[in-house]
Amino acid sequence: MKPAANLSLLWPELPYPERFAAAAAAGFKAVEVLFPYGPDTAITKVALAEHGLELILLNAPSPLSEPRGFAAQVGGAVAFRGDIQTAFDCAELLGASYIHVMTGEGEGEAARSALIDNLSWAADAAPAGITLTLEPLNPVSMPGYFLNDYGLAADILRAIERPNVALQYDSFHAQMIHGDAVQVFETYRDLIAHVQIGDAPERSGPGTGLVDFASLFRALLAAGYAGWISGEYHPGTRTEETLDWMTAL
């Protein structure tokens, strides 16, 4: 298991370009950036090369259009296709392996059908080497968001049946939605391609809230998970003081 740092949340006191140096100095080999679009694309590319880091994940769509997404919005196919192509171009330029496709608001069968149609199209159009991920987001943090349950995400993935579409697990959201982040991982581990960690209920650093990280890391190891585990949380103090979880991997 390999630790990664989400630079959209960690080292918030530093200017964006300086966060890459901080991550490298802390021992990270890979990072996530949620929205490296616009001027940040060039900044990110230079910083990755300068510090020998790999970008593993970005979000789609860009915040320049609709940051909560429109993959599940009825009638949103044209907007979705245009923006997902922007995400493809950005991911290829920066070498990202995963694109988290945000669903946006919606409810019921119409939203489910729209999401399946849009993701199926995107999976078929995606460049080689890029995996699209779905991540359930809890309704406290993201009220009205369509994909707000891991069971629903599993249903969507099974309906799509594409090898390059997978589940993105986040311990913070799993704990907030279902009350037991470890059980959520064990239930859906066969669908999970990427893991993010943060504690609940404040999305704080591991070991400061309700998530049983010792059990979660044991479950990840027992499942044979060999991918990235990305810290995506609000440090609340110097980020370096919150990185004990790296030694547990």
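Biologist: Which residues of α3 are buried?

Modeller: This is a predicted model, and burial here means under 20% relative accessible area. In α3 the residues that meet this cut-off include Phe80, Asp83, Ile84 and Ala87. The others in the list are Phe88, Cys90, Ala91 and Leu94.

Biologist: Why do residues three or four places apart point the same way in an α-helix?

Modeller: The answer lies in the helical repeat. Residues at that spacing point the same way because an α-helix has 3.6 residues a turn.

Biologist: What do the buried residues of α3 pack against?

Modeller: Both helices and strands are among the partners. The helices are α2 (39-51) and α4 (108-125). The strands are β3, β4 (98-101) and β5 (131-134).

Biologist: How far does α3 reach from its first C-alpha to its last?

Modeller: α3 has 18 residues. At 1.5 Å a residue, the expected reach is 26 Å. The value in the model is close to that, at 25 Å.

Biologist: Which residue just after α3 takes a positive phi?

Modeller: The helix covers residues 77-94. Just after α3 there is a phi of about 80°, and it belongs to Gly95.

Biologist: Which element gives the largest share of the lining of the largest cavity?

Modeller: The structure holds one cavity of 30 Å³ or more, and the volume of the largest is about 30 Å³. Its lining is made of Ala60, Pro61, Phe70, Phe80, Asp83, Ile84 and Val101. By class, six of these are nonpolar and one is charged, with no polar residue. The largest share is three residues, and it comes from helix α3.

Biologist: Which elements give two or more residues to the lining of the largest pocket?

Modeller: The largest pocket holds about 380 Å³ of space. Of its 22 lining residues, the closest to the centre are Leu9, Leu34, Phe35, Asn59 and Glu232. The elements that contribute two or more residues to this lining are β3 (54-60) and α6.

Biologist: How do the lining residues of the largest pocket divide by class?

Modeller: Nonpolar residues number eleven. The rest of the lining is seven polar and four charged residues.

Biologist: Is Gln175 buried or exposed?

Modeller: Gln175 is found in helix α6 (residues 171-178). Its relative accessible area is 13%, and the cut-off for burial is under 20%. Gln175 is therefore buried.

Biologist: Which residue has its backbone nitrogen 3.0 Å from a polar side-chain atom of Gln175?

Modeller: Beyond four places in sequence, Gln175 touches Asp180, Ala181, Ala200, Leu210 and Val211. The backbone nitrogen that lies 3.0 Å from a polar atom of the Gln175 side chain is that of Ala181.

Key:
Residues are numbered from 1 along each chain as its sequence is written. This is a predicted model: local features need pLDDT of at least 70, side-chain atom pairs count only at pLDDT 80 or more; totals for chains, interfaces and linings use all residues. Side-chain values use heavy atoms; hydrogens and water are left out. Helices (H or I, at least four residues) and strands (E, at least two) are DSSP runs, numbered from the N terminus. Buried means under 20% relative accessible area, exposed over 50%, partly exposed in between (1.4 Å probe, protein chains only). A polar contact is a pair of N or O atoms within 3.5 Å; within protein, one must be able to donate a hydrogen and the other to accept it, and residues adjacent in sequence count only if both atoms are side-chain atoms. Contact means heavy atoms within 4.5 Å. On a 1 Å grid over the protein atoms alone, a cavity is a set of points where a 1.4 Å probe fits but cannot get out, and a pocket is an open set with protein on both sides within 12 Å along at least five of seven lines; lining residues have an atom within 4 Å of a point. Grid points are joined across faces, edges and corners, and a volume is the space filled by probe spheres set on the points. Ala, Val, Leu, Ile, Met, Phe, Trp, Tyr, Cys and Pro count as nonpolar, Asp, Glu, Lys and Arg as charged, and the others, Gly among them, as polar. The expected span of a helix is 1.5 Å times one less than its number of residues.
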